[in-house]
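Reader: I would like to learn how to read side-chain contacts and enclosed spaces in a model of this kind. Could we take the features one at a time, with the general idea before each case?

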Amino acid sequence: MDSMPESIVLIASGDLRLSANRVCWPAQQKMEEAVMAAIRREGREIVRGHQADPAKGHGFIDSQKRGLEVFRQIPPTAPLIVAEAVWQYSYHVLPGLLTHKGPILTVANWSGEWPGLVGMLNLNACLTKAGVKYSTLWSEDFTDDFFLSGLRRWLGGEQVVHDTSQVRSLKELKLPARASRVGAGIARRLKTGKAIMGIFDEGCMGMYNAIIPDELLFKAGVFKERLSQSALWAAMQRVSDEEALQVRAWLDAKGMRFLTGPNPETDLTDGQILWQCKMYIAALRIADEFGCDTIGIQYQQGLKDLAPASDLVEGLLNNVDRPPVKDPQTGRVLYDGQALPHFNEVDECAGLDALVTNRIWRKLGFEPETTLHDVRYGETYRSNGSEEFVWVLEISGAVPPNHLIGGYAGTVSERQPPMYFPLGGGTVKGVSKPGEIVWSRIFVDHGKLKADLGRAKVIELPPEETERRWQSTTPQWPVMHAVTYGITRDQFMARHKSNHIQVAYGPDAAGANLALAAKAAAFKALGMEVSICGTDNGL
């Protein structure tokens, strides 16, 4: 292919929230300067496709409307770089990228300061679902050989292809008989008995990749119940203070700590927690009313302007041991002795995954708590002469306490960062317990449901190292120190088609291997194209 004849255009998608864009803008500027310098050292011209807005105090594309305005000014065949040092809403730029005729490169800085890697992974997944060709790169300082060699290939007109030799099709592997039997049985019962996925407003934060087309869900026996966050808010009004205080008292008795203060604008307050307890009760009651087997709450837009964040609610719902909630008419305990799988940010791919995981793990007699994390960051950790790459998996405050060291007693709730959540709300914060996990991701690719599964271990790092990683990311949120088996940092980034990763614990390595195989069998029987990633999975 011929090298690119035109000047390269750089754009940056950002948040919808002005406060987040303003706070994160300096990091984005620093990253863009490094990317542009690398391009210019290769003898190429690069220009920014949109100017910073002095009145807003940032230079991000901050809405779909703004994205359309920007793309009208970009030559349709220009080589285009989407540079991300922050969390971004993919739908701001997706309409323009869908019809752009020039080569596209997504780039993120390898930093935990803001979720730039998370934002880029989401954009990559959206482009994959939409069938848009793109290349992708990442770097700590944009001077390393990995980045520069990939950049030179892209500048030379090539699509950048990364090593994904860790990926094997399930078709090439033989599953253990018990795992096949369990997985196929779960899939058969799901398709014949069917299940309802409750969705409190679709499309959180423009995550096009997180929406599964109904016709693909139908094949798996799952049907959407489209609910509204306004209905959730209305139901919260009908929950009494007394009922909400009973939930709070239950959590206090379990040893969960709430770090409260007097200023609601910066501190977590008892009033915020009270409303979160009301949301927890209301969500269970609505889920029961509509027969939901799993639910997701959008919350990031709309609800955040009415109520404290829903993360505390989400973490509790995913835990088997949680405050009891009764039907107000009959007194029946709702979902008694069960987790109600919740998928953060209405990520339907994670919702389908959580539903299947819950049923597989329960059938095997394993603890069924499951959650999704953001793939936030990672570093090599060196100790006693050895080293391994340890991922920082970190969701915005919602994990089941059973996943944390000490359970409820090891859990602390802190106020959500004001730049994301103006009305506050407490998180479920802690350090994930050491153990063997199965990770997975369902994604949509060219109209097909696909699933990747792999194995990893969660390790416990020294407290000072955990704190350092927290301070370099978001210290109010729960953290998981994960080591993927047989997958390097760059292999994972090259393959993963989401900002989210689903995780569930096995009782030990053998149990986790069995669960992975059963889950793979279930996914296959539900019509997905399944791949096994990495090693140490028993297959």
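**Reading contacts and spaces**

Author: Trp25 is buried, and Phe60 is buried as well. Please keep in mind throughout that this is a predicted model.

Reader: How many aromatic pairs are there, and how are the planes of Trp25 and Phe60 set against each other?

Author: The general idea is to look at the distance between ring centres and then at the angle between the planes, where an angle over 60 degrees counts as edge-to-face. By that rule the count comes to 15 aromatic pairs. Trp25 and Phe60 form one that is edge-to-face, with 5.3 Å from centre to centre and 75° between the planes. Trp25 belongs to helix α1 (residues 18-41), while Phe60 sits in the loop between β2 (46-48) and α2 (64-72), so this pair ties together parts that are 35 residues apart in sequence.

Reader: Why is the pair of Trp110 and Tyr377 called tilted?

Author: Planes under 30 degrees apart count as stacked and those over 60 as edge-to-face, with the rest taken as tilted. The planes of Trp110 and Tyr377 stand at 40°, with the ring centres 6.4 Å apart, and therefore the pair is tilted. Trp110 is in the loop between β4 (104-109) and α4 (116-130), whereas Tyr377 is in strand β11 (residues 370-383), so the contact ties together parts that are 267 residues apart in sequence. Trp110 is buried, at a relative accessible area of 4%, and Tyr377 is buried too, at 12%.

Reader: Which residues form one aromatic cluster with Trp110 and Tyr377?

Author: The cluster is made up of Trp110, Tyr377, Phe389, Trp391, Trp439 and Phe492.

Reader: Which residues lie over the faces of Tyr208 and Tyr505?

Author: Here one asks whether a charged group sits above a ring face, and not merely beside the ring. Lys129 lies over the face of Tyr208, at 4.0 Å from the ring centre, and Lys433 lies over the face of Tyr505, at 5.2 Å from the ring centre.

Reader: Turning to salt bridges, how many does the count come to, and where do Arg285 and Glu243 lie?

Author: Side chains of opposite charge can pair when their charged atoms come close. The count comes to 34 salt bridges. In the bridge between Arg285 and Glu243, the closest N and O atoms are 2.6 Å apart. Arg285 lies in helix α10 (residues 270-289) and Glu243 in helix α9 (residues 241-253), so the bridge ties together parts that are 42 residues apart in sequence. With buried meaning under 20% relative accessible area, Arg285 counts as buried at 17%, whereas Glu243 counts as partly exposed at 23%.

Reader: Are Lys254 and Asp321 buried or exposed, or something in between?

Author: Lys254 is partly exposed, with a relative accessible area of 34%, and Asp321 counts as partly exposed at 35%. Their side chains meet in a salt bridge of 2.8 Å, N to O. This pair links distant parts of the chain, with Lys254 in the loop between α9 and β9 (257-258) and Asp321 in the loop between α11 (311-317) and α12 (348-364), 67 residues apart.

Reader: Where do Glu436 and Arg455 lie, and which residues are linked in a network of salt bridges?

Author: Glu436 and Arg455 meet through their side chains in a salt bridge of 3.0 Å, N to O. Glu436 is in strand β14 and Arg455 in strand β15 (residues 448-458), 19 residues apart. Glu436 counts as buried at 19% relative accessibility, and Arg455 is buried with a relative accessible area of 1%. The network links Glu202, Asp214, Lys224, Arg226 and Glu348.

Reader: What lines the largest pocket, and what lines the largest cavity?

Author: The distinction to hold on to is that a pocket is open, whereas a probe inside a cavity cannot get out. The largest pocket holds about 460 Å³ of space. Its lining has 22 residues, and the closest to the centre are Thr128, Tyr134, Gln159, Ala494 and Lys497. Helix α14 gives the largest share of that lining, three residues. By class, the pocket lining has seven nonpolar, ten polar and five charged residues. As for cavities, a search of the whole structure finds four of 30 Å³ or more, and the largest cavity holds about 140 Å³. Of the 13 residues lining the largest cavity, Trp87, Gln300, Glu345, Asp374 and Trp477 lie nearest its centre, and the lining divides into seven nonpolar, three polar and three charged residues.

Definitions and conventions
Residues numbered from 1 in each chain as written. Predicted model: local features only at pLDDT ≥ 70, side-chain atom pairs only at ≥ 80, totals over all residues. Heavy atoms only, no water. Phe/Tyr/Trp six-rings, centres within 6.5 Å; stacked < 30°, edge-to-face > 60°. Helix = DSSP H or I, 4+ residues; strand = E, 2+ residues; numbered from the N terminus. Buried < 20%, exposed > 50% of the residue type's maximum accessible area, 1.4 Å probe, protein only. Lys NZ or Arg CZ within 6 Å of the ring centre and 35° of its normal. 1 Å grid on protein atoms, 1.4 Å probe; cavity = no way out; pocket = protein on both sides within 12 Å on 5 of 7 lines; lining within 4 Å. Points joined across faces, edges and corners; volume = space filled by probe spheres on them. Nonpolar A, V, L, I, M, F, W, Y, C, P; charged D, E, K, R; others polar. Salt bridge = Lys/Arg side-chain N within 4 Å of Asp/Glu carboxyl O.
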